[in-house]
Amino acid sequence: MDARNLGPKIKVVVSNNVRVSHVWQGYQHMNDPRAVIFLNSRAYEGFKSGANATLVHEMTHLFTWKFNSHSLREGVADYVARAVMPNASVGPNAANALPTPVDWAFRYLGSSQPAPSELMTDVEFRKSYYFLSYVFVKALIDRTSMADFLRFYDSAYSDTLFESTFKVKRLDLICELRLGTQCKE
Ligand SMILES: [Zn+2]
């Protein structure tokens with residue numbers, strides 16, 4: 001972890017009052033990074049029994065708190081959670097979730113757009129945003145390596161850097177993975 005900015009320890013607050021688990025300041029964490037996680041009680045019980053990897057997702061945010069894409073931020077957190085606990089659910093998604101194409105894929109997946117407001121209001125949007133971001137990040141890491149992915153993630157966002165790092169255009173990869181409804185067959 002980035003101990004210089006976040007300190008040497010992670011504090012985890014477990015409570016029934018936490019509806020959706022999150023790190024300190026939620027989507028604004030980057031503006032005030034602290035090693036504090038608010039974990040829903042069910043996610044905590046599920047973590048102890050091996051059925052829920054949300055804690056790993058949130059912990060990954062603390063190791064990757066500086067990001068250039070909110071979609072990549074959520075995707076890499078799910079990627080690590082699913083790698084560490086492959087049979088567990090993560091956040092709103094089951095272990096065996098399957099991708100369904102969406103009409104907002106071009107706008108958000110792997111882009112530099114900030115967190116969409118629908119994440120707070122639309123459960124179905126939230127589910128697919130997290131899962132499709134995971135699918136997209138997994139493809140980027142599979143094409144290159146975690147080190148290459150993180151080098152891009154830590155850099156100022158640009159389409160040129162995306163293409164030179166991953167050897168594919170973002171929109172082409174979305175269609176290759178069949179994640180966008182606007183892709184031609
Ligand atoms: Zn998250």
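Where is the place of R178 relative to α10? R178 is placed in the segment after α10, and the legends below return to this residue after the views of the zinc site and the helix that contributes to it.

The model is a predicted one, in which local features need pLDDT of at least 70 and side-chain atom pairs count only at pLDDT 80 or more, while totals for chains, interfaces and linings use all residues. Residues are numbered from 1 along each chain as its sequence is written, and side-chain values use heavy atoms, with hydrogens and water left out.

**View 1. The zinc ion and its donor residues H57, H61 and E74.** The zinc ion is coordinated by NE2 of H57, NE2 of H61 and OE of E74, at 2.0 to 2.1 Å; donors are N, O and S atoms within 2.8 Å of the metal (3.2 Å for Na, K and Ca), and because water is not among the atoms, sites may look incomplete. In sequence, the donor residues follow the spacing H-x3-H-x12-E. The pair H61 and E74 links distant parts of the chain, with H61 in helix α3 (residues 54-63) and E74 in helix α4 (residues 70-84), 13 residues apart. Helices (H or I, at least four residues) and strands (E, at least two) are DSSP runs numbered from the N terminus. H61 counts as buried at 2% relative accessibility, and E74 counts as buried at 1%, where buried means under 20% relative accessible area, exposed over 50%, and partly exposed in between (1.4 Å probe, protein chains only).

**View 2. Helix α4 and the elements that pack against its buried residues.** Helix α4 has 15 residues and reaches 21 Å from its first C-alpha to its last, close to the 21 Å expected at 1.5 Å a residue; the expected span is 1.5 Å times one less than the number of residues in the helix. Because 12 of the 15 residues of α4 are buried, this helix is largely enclosed by the rest of the structure. Among the buried residues are H70, R73, E74, D78 and R82. The buried residues of α4 pack against β2 (22-23), α3, α5, α6, α7 (123-143) and α8 (146-153).

**View 3. The surroundings of A115 and S41.** A115 is placed in the loop between α5 (105-108) and α6 (118-121) and is partly exposed, with a relative accessible area of 28%. Leaving aside neighbours within four places in sequence, A115 is in contact with Y27 and H70, contact meaning heavy atoms within 4.5 Å. A115 and Y27 are 88 residues apart in sequence and 7.1 Å apart in space, C-alpha to C-alpha. S41, in helix α2 (residues 41-49), is buried with a relative accessible area of 17%, and with neighbours within four places in sequence again left aside, S41 is in contact with V14, S15 and N16.

**View 4. The disulfide of C175 and C183, with K167 and R178.** A disulfide (a pair of cysteine sulfur atoms within 2.5 Å) joins C175 to C183, with an S to S distance of 2.0 Å. The link of C175 and C183 is left-handed, with -80 degrees about the S-S bond. C175 counts as partly exposed at 26% relative accessibility, whereas C183 counts as buried at 16%. Most residues other than glycine have a negative phi. Phi of K167 is near 60 degrees, a positive value, and phi of R178 is also near 60 degrees. K167 lies in the loop between α9 (159-166) and α10 (170-176) and is exposed, with a relative accessible area of 63%; R178 counts as exposed at 57% relative accessibility.
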